[in-house]
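User: I'm new to this and would like to learn how to read a sheet. Can you walk me through one?
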Amino acid sequence: MNNRFKFRVYFYIDDCFEYFTLEKGFPLGIEGGVSEPQQYTGLTDSNDNPIYEGDILMYKTGSIPTT
């Protein structure tokens with residue numbers, strides 16, 4: 001069964017994300033600045049990368065504005 005309750009936190013000191021689930025629990029041994037947990041939205045982008053809360057997305061419509 002795929003767990004849809006996935007989270008991540010950003011470690012400012014290490015400059016990386018740590019991913020975890022509810023079963024695994026919040027990462028222990030955290031020192032320094034950490035972001036608020038971001039939850040997985042259940043969606044993926046065109047490259048099949050998971051989209052989390054707070055991600056900034058860009059899309060192209062294919063139409064060119066006319067003047």
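Analyst: Sure! Start with the order of the strands. Keep in mind that this is a predicted model. Its open sheet has four strands, ordered β2-β1-β3-β4, with antiparallel pairing.

User: Which strands stand at the edges, and why is one side of each left without a neighbour?

Analyst: The edge strands are β2 (16–21) and β4; each has a single partner strand, so one side of each has no neighbour in the sheet. From one strand to the next, the twist averages 40°.

User: How many bridges pair β1 with β3?

Analyst: Two bridges, in the antiparallel sense, pair β1 (residues 6–11) with β3 (residues 38–44). To see where they line up, look at Arg8, which stands opposite Gln38 in β3.

User: Okay, and which residues stand opposite each other between β3 and β4?

Analyst: Take Tyr40, which faces Tyr52 in β4, and Thr44, which stands opposite Pro50 in β4. β3 and β4 (residues 50–52) run antiparallel and are joined by two bridges.

User: What about the side chains in a strand? Where do they go?

Analyst: As a general idea, side chains in a regular strand alternate between the sheet's two faces.

User: Last one: which residue takes a positive phi in the hairpin of β3 and β4?

Analyst: That's Asp48, with a positive phi near 65°. The hairpin has five residues between its strands.

Definitions and conventions
Residues numbered from 1 in each chain as written. Predicted model: local features only at pLDDT ≥ 70, side-chain atom pairs only at ≥ 80, totals over all residues. Heavy atoms only, no water. Pairing = 2+ DSSP bridges. Axes fitted to C-alpha atoms, helices over the stretch in contact; angles between N-to-C directions.
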